[in-house]
Amino acid sequence: MPLLHFHLVKGRNPEEIRTLLDAAHGAMLAAFEVPERDRYQIVSEHDSNHMVIEDTGLDIPRTNKFVLLQVTSRPRSKEQFAEFYRLLAEALQQKCGIEPSDLMVSVVENSAEHWSFGYGRAQFLTGEL
């Protein structure tokens, strides 16, 4: 936890996707200080005409390397989120050749009772986590 859902334009090979996921995981570990195996990532690939991602009038250039990341997380500080955005943009540029202009992140916060990692139990509430 958090749950990271990546939306990508189709066309990346498995190695490129794994590098992207590893880079994002490293940024999350550093910014949120979660355990190494706290890794929940999903990739959805879309035809380029199935993603319309503009720039809210900010004149941000976009390419087919665009990454939309939806993060579902328990509450974290503004500083932690800002650090995650920064580290993620740096890691994707350095390790994947994805320009910071091709990254958009949206966060949805929820609470401890909204998570079950298995066995039909809410591990944050039972004290298992």
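**Aromatic contacts and the nonpolar core**

Phe 81 has a relative accessibility of 9% and therefore counts as buried (under 20% relative accessible area; exposed is over 50%, partly exposed in between; 1.4 Å probe, protein chains only). The model is predicted: local features need pLDDT of at least 70 and side-chain atom pairs pLDDT 80 or more, whereas totals for chains, interfaces and linings use all residues. Residues are numbered from 1 along each chain as its sequence is written, and side-chain values use heavy atoms, without hydrogens and water.

Seven aromatic pairs are counted, with Phe, Tyr and Trp (six-membered ring) centres within 6.5 Å and planes under 30 degrees apart stacked, over 60 edge-to-face and the rest tilted. One of them joins Phe 32 and Phe 81 edge-to-face, with 5.6 Å between centres and 80° between planes. Its partners are 49 residues apart, Phe 32 in helix α1 (residues 14-32) and Phe 81 in helix α2 (residues 78-96); helices (H or I, at least four residues) and strands (E, at least two) are DSSP runs numbered from the N terminus. Phe 32 is also buried, at 4% relative accessibility. Both residues belong to one aromatic cluster with Phe 84 and Tyr 85.

Arg 76 lies over the face of Phe 32, 4.6 Å from the ring centre (Lys NZ or Arg CZ within 6 Å of the centre and within 35 degrees of the ring normal). Arg 74 is placed over the face of Phe 124, at 3.8 Å from the ring centre.

The largest nonpolar core (buried Ala, Val, Leu, Ile, Met, Phe, Trp, Tyr and Cys joined through side-chain atoms within 4.5 Å) has 26 residues, with Leu 4, Phe 6, Leu 20, Phe 84 and Leu 88 making the most contacts inside it. Helix α1 supplies the largest share of this core, 10 residues. Phe 84 touches residues including Leu 4, Phe 32 and Val 71 (heavy atoms within 4.5 Å), not counting residues up to four places away in sequence.
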